[in-house]
Every structure is written in structure tokens, then in C-alpha cells.
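Here are some short exercises to work through with the model open beside you. Try each task before you read its solution.

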Amino acid sequence: MIFSDSAVVMSYILSTLAVAFFYSYVYSNEVFTDLPVAVVDSDQTSMSHQISRMIDATPELHAAYTTASLEKAKTLYQEGIVKGIVAIPKGFSRELQKGDVPAISVYGDASYMLYYKQTLTAVMQSVGTLNGQVEIKKMISNGIPMQQAMHTRRPFGIVGIPLFNINVGYATFLIPIVFIIAVQTLQLTAMGILNGTLREKRIFAETFSYARQKFSSVFLTLGRAMAYLIISMVLLLIQIVIVMHVYTFPQRGNLWEIIVFLIPVILSITFLGMIMTSLFRRREDAIMTVTIFSIPTLVLCGLSWPTTAFPVWAKIVSAFIPSTLGVKGFISLSQFGASLSEIRDVYIQMWGLCVFYFVFAVLTNRKYLRKENN
């Protein structure tokens, strides 16, 4: 039934592979260097020239064009010659000397996250360094020795060493999470389309007519789950073994332990999908409903905000979403190089969620068998 429905094949198998390869390709350049930007220097002073040189000296940006016209810079940006604009306002140096806090405007290309990130990071570093120099000069002018002024400005040094995301790349941070979220979202969508068809035509009981014996709904649930388990596992293995290798994303874990962990993850998603069939009376309902919740699901994994800072209600909701624990365990195994025994608590919780949804999936399948038979 899965392979005979073109909509299911497209939304489930082909879309999962497309997301894996296309998303990875888009973010495959984890760190850009010498990204061309235009610097609009409306101040034309030694201080504004200094900040322009500091921006150009960063590894992230290259001040390809320096102009006093914002319109000229906009033209360069619209033609794709530069990927961002840094605007230094008129009176920048005067405000700085008066002790005020002047503003530097940064226009980044937010249509591509890496361009925006590089531009903003480089300008913030340059401005931070300039602020430090200004503060030290003020302290020296007030009679404080240079060494003391430097220690006052920066009382201790910070050395940051990224342990797992060495290049601080966006892809290494994002792509492994996307793999799990994509499989969950697209599998649930496909299950909704398939079950929507069965409900539209009222042929659920007829299709699974062999499941009429005692406890047969249990084996029906397990049998259907095995089909999705095999397909989703193959899709995830393609992503882990092929996609991550092609785009040189780190894979530090033991492959067999990752497979063992992913089994309850996929089963939980599958059983949840069977329960959700009561929401989808038509094929189209699944596409619209599941897609809406894909971004909130991504956020609840802790992608953009630490899970420890979530409100209680968000933690409760996230606990019932398979991808929350799935992402946590998958990242630990594949990126942190942890063993399955080291994430034993996550693995046990994953199986607990799997059993929880299995019970309700059996009841859901039994209900539809009896409903149509009656």
C-alpha cells in the first residue's frame, strides 16, 4: 500500500531523501571567509576608517567596496556583488569622543543564514574591539597606567575550545537534528495520507480483514509498524552513512549502537502516527496538520533555546514527542561519541514512550476494525 500510493512515496520516501541531500548541500559550507560587503562611511574620519579596516581584517568579511552613498551600496547588494552592508553614520567619531554610544547599522542577507551570521559576527567583534580600545585610552588619559587599564578592561582571559563542533559550523549544529525531525514529520504525513484514504473509502476493516481473531489487533499493529521501521531505518542509514560522509559531517559514534537506539525512536513515531489517524478523515488533512507542527517540534528539541530554560508546560509537551528524546540520544551517539550505556536513561525513556504509544495504537486499530465491521 505504501509503494502503490504515489503521494505517500513522494511525501515520505522521496521528500526525506530530498531534505537530507538538499538541506545538507545548502549548509555544506559551514564557515565562509572573506564574504564581500560594502562599507558605507558617512563619517569619513580616522576613527571610521579604523573600524572599516578592522572589519576588513576579520576572517569572515572582506570590505570589497567603501562608499559614502547608501544608495550605491544598495545597488551593489541588489546586483549580488556584495552580501551585506555596514553603515557608519555621520558624527560617529564625535559621539564616541563625547562619551555617547553611536550605532553602526548592519544589513545582512537573512535569506541565507550563513551570510547573515558571518556579517553580524564580524561586525560585533570589530565594534567590541574598538570599544575596548576607546575605554583603555580614556583610562590612560585619566592617569591610569596602560597595564592596569588593560587589566581593568579585561580582568581575565577567556579561551574557548569547541569540543565537538570544531569549526562552529551551522551545518554540524543543525543537520543531525533535521534528520530526525524530517523522518518524523514526513512519516507521520505519509501515515496520515494512507489512513485518510482508508477512512475516506471506509475500507480499513476490509483491507485488514485477516485481523479478526483474538489479539489480532496487536499483531496487526506490530506488522504495520515493521513496514515503517524498515523503510525509515533505511532512510536514516542513507542519511548517516552516505549524506554525512558526502558532506563531511562528523560521525563519531558506533553505527550499530545508533541503529539499536533508533529502533524505539521510529517505532514511537509509527505508533503515534496510528493514534493520530483519528484526526485525519481525508488525505489532505495530514499534510496541513503535521506540517504546521514541524517547526514547534524542532524548537522543543532545544535547537534555539536550552531545554533547561523551558517552562514546565513546554517540558511536559516535549516529553510526549518522540523526536525530543530521539534527537537527544542521536546527537549524543553520533556527535558526542557517547556509548549506548552512557545514555541508558534516555534509551529506557525512549522504550517507555514506545510502549505507551503502542498500547493506544492497538486500541485505535481495534476501534476501527470493530467500527467498520459494525
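**Exercise 1: the nonpolar patch**

α15 contributes the most to the nonpolar patch, with five residues. This is a predicted model, where local features need pLDDT of at least 70, side-chain atom pairs count only at pLDDT 80 or more, and totals for chains, interfaces and linings use all residues. Residues are numbered from 1 along each chain as its sequence is written, and side-chain values use heavy atoms, leaving out hydrogens and water.

*Task.* Which residues form the nonpolar patch on the surface?

*Solution.*
1. Take residues with over 30% relative accessible area and no salt bridge, and join nonpolar side chains (Val, Leu, Ile, Met, Phe, Trp, Tyr) within 5 Å. A salt bridge is a side-chain nitrogen of Lys or Arg within 4 Å of a carboxyl oxygen of Asp or Glu.
2. The patch consists of V312, I316, F320, V355, F356, V359, F360 and L363, together offering about 730 Å² of accessible area (Shrake-Rupley, 1.4 Å probe).
3. Two or more of its residues come from each of α13 (312–319) and α15 (344–373); helices here are DSSP runs of H or I, at least four residues.

**Exercise 2: one patch member**

*Task.* Is V312 buried or exposed?

*Solution.*
1. V312 sits in helix α13.
2. Its relative accessibility is 61%, so V312 counts as exposed (buried is under 20%, exposed over 50%, partly exposed in between).

**Exercise 3: aromatic rings**

*Task.* Which residues form one aromatic cluster with F320?

*Solution.*
1. Pair rings of Phe, Tyr and Trp (its six-membered ring) whose centres lie within 6.5 Å; the count is nine aromatic pairs.
2. F356, Y357 and F360 join F320 in one cluster.

Conventions
Patch = residues over 30% accessible without salt bridge, like charges linked within 9 Å, V, L, I, M, F, W, Y side chains within 5 Å. Buried < 20%, exposed > 50% of the residue type's maximum accessible area, 1.4 Å probe, protein only. Phe/Tyr/Trp six-rings, centres within 6.5 Å; stacked < 30°, edge-to-face > 60°.
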